[in-house]
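The exercises below concern the predicted model shown here. Please attempt each task with the sequence and coordinates at hand before reading its solution.

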Amino acid sequence: MTTDRRADRLRPPSTASGSASVPSVVGSGPTVPAADERKMARMRRRPREARPITRPSRHGRHGRENRSPVVRPPLPPLDTRIERFDVAVSTAAEFLRSAWSDLRDVSFEIGIMPPAATGAIPRWQVLREQKRIILYRIPIERLGHPHVDDDLHRRMMIEGAVFRAAAEYLDRDPWDLGPERFRFF
């Protein structure tokens, strides 16, 4: 049995009558309050759409709360031993390049381990012909024993290795490379 859609529509509410209920459908049937009648009319007009389920933002994929970030804005970013070594070498190398014109064209490079050697393990390698100084990170960090084990003394140990390697390149004493820097010791 087919029905006419126009016949299924609701009648507009009557304002003349003071009753709370108004007949809602043409023909016989139960009476529905006017507010409910409008709501039903709106619901019939809109086609149903598939909507994704939205969860509150505090919950993750499995319904648990998200974990807090490792680094929050007021904290400094996490750095590694390798990054600290690179920073210490580069700042010492820049100081030496600015103080000594002979070192301006020299490349300070960082290697992990030296090639296999007999006897003592070298901490750096000086190549004058190629204008290169290679500093080996693991021997400098592992074989150097600062008297106090903290960041400052480890950095001073790394800078000392850079100064000794540059002094070997220049055939000078390491204390002669930065006399103003060590004036107060």
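The exercises proceed from the overall fold to one helix, the core, the salt bridges and the backbone.

**Exercise 1. The fold as a whole**

Task: Determine how many helices and strands the chain has, and in what pattern they follow one another along the sequence.

Solution.
- Step 1. The secondary structure consists of six helices and five strands.
- Step 2. Taken in sequence order, these elements give the pattern α-β-β-α-α-β-β-β-α-α-α.
- Step 3. The chain has 185 residues, of which 25% are buried.
- Step 4. Among contacts with a separation of 6 or more, 50% are between residues 24 or more positions apart.

**Exercise 2. The buried side of helix H3**

Task: Identify the buried residues of H3 and state where they lie around its axis.

Solution.
- Step 1. Helix H3 comprises residues 81-99. Its 19 residues reach 27 Å from the first C-alpha to the last, close to the 27 Å expected at 1.5 Å a residue.
- Step 2. A residue is counted as buried when its relative accessible area is under 20%. In H3 this selects Phe-85, Ala-88, Val-89, Ala-92, Ala-93, Leu-96 and Arg-97.
- Step 3. These residues lie on the same side of H3, because they cover an arc of only 160° around the axis.
- Step 4. The general geometry is consistent with such a selection: an α-helix has 3.6 residues a turn, so residues three or four places apart point the same way.
- Step 5. The cover over the buried residues of H3 includes two strands, S3 (107-111) and S5 (132-136), together with helices H4 (137-143), H5 (151-170) and H6 (174-177).

**Exercise 3. The environment of Arg-97**

Task: Which residues does Arg-97 touch beyond four places in sequence, and with which residue does Arg-97 form a salt bridge?

Solution.
- Step 1. Arg-97 is one of the buried residues of H3.
- Step 2. Leaving aside residues up to four places away in sequence, Arg-97 touches Leu-103, Arg-104, Val-106, Ser-107 and Phe-108.
- Step 3. The salt-bridge partner of Arg-97 is Glu-94, with the closest N and O atoms 2.8 Å apart. The two side chains also make a polar contact, at 2.8 Å.
- Step 4. Arg-97 and Glu-94 are separated by about one helical turn, because they are three residues apart in helix H3.
- Step 5. Glu-94 has 46% relative accessibility and therefore counts as partly exposed.

**Exercise 4. The largest nonpolar core**

Task: Establish which members of the largest nonpolar core touch the most other members, and which element supplies the largest share of this core.

Solution.
- Step 1. The largest nonpolar core has 25 residues; those touching the most other members are Leu-96, Leu-103, Phe-108, Leu-135 and Leu-177.
- Step 2. At least two residues of this core come from each of H3, strand S4 (124-127), S5 and H5.
- Step 3. H5 supplies the largest share, nine residues.
- Step 4. Leu-96 links H3 to this setting: beyond four places in sequence, Leu-96 touches Leu-103, Val-162, Phe-163, Ala-166 and Leu-177.
- Step 5. As a general point, nonpolar side chains in soluble globular proteins tend to be buried together.

**Exercise 5. A salt-bridge network**

Task: Which residues are joined into one network by salt bridges that share partners?

Solution.
- Step 1. The count of salt bridges is nine.
- Step 2. Arg-154 forms one with Asp-149, where the closest N and O atoms are 2.6 Å apart.
- Step 3. Arg-154 forms another with Asp-151, where the closest N and O atoms are again 2.6 Å apart. Both of these residues lie in helix H5, three residues apart, about one turn of the helix.
- Step 4. Through shared partners, Asp-149, Asp-151 and Arg-154 thus belong to one network.
- Step 5. Arg-154 is partly exposed at 29% relative accessibility, Asp-149 is exposed at 62%, and Asp-151 is exposed at 51%.

**Exercise 6. Positive phi values**

Task: Where do Lys-131 and Asp-171 lie, and is each exposed or partly exposed?

Solution.
- Step 1. Most residues other than glycine have a negative phi.
- Step 2. Lys-131, although not a glycine, has a positive phi of about 55°. Lys-131 is in the loop between S4 and S5 and is partly exposed, with a relative accessible area of 38%.
- Step 3. Asp-171 also has a positive phi, near 55°. Asp-171 is in the loop between H5 and H6 and counts as exposed at 64% relative accessibility.

Note on methods. Residues numbered from 1 in each chain as written. Predicted model: local features only at pLDDT ≥ 70, side-chain atom pairs only at ≥ 80, totals over all residues. Heavy atoms only, no water. Helix = DSSP H or I, 4+ residues; strand = E, 2+ residues; numbered from the N terminus. Polar contact = N/O pair within 3.5 Å; in protein donor to acceptor, adjacent residues only side chain to side chain. Contact = heavy atoms within 4.5 Å. Expected span 1.5 Å × (residues − 1). Buried < 20%, exposed > 50% of the residue type's maximum accessible area, 1.4 Å probe, protein only. Arc of directions from axis to C-beta. Core = buried A, V, L, I, M, F, W, Y, C linked by side-chain atoms within 4.5 Å. Salt bridge = Lys/Arg side-chain N within 4 Å of Asp/Glu carboxyl O.
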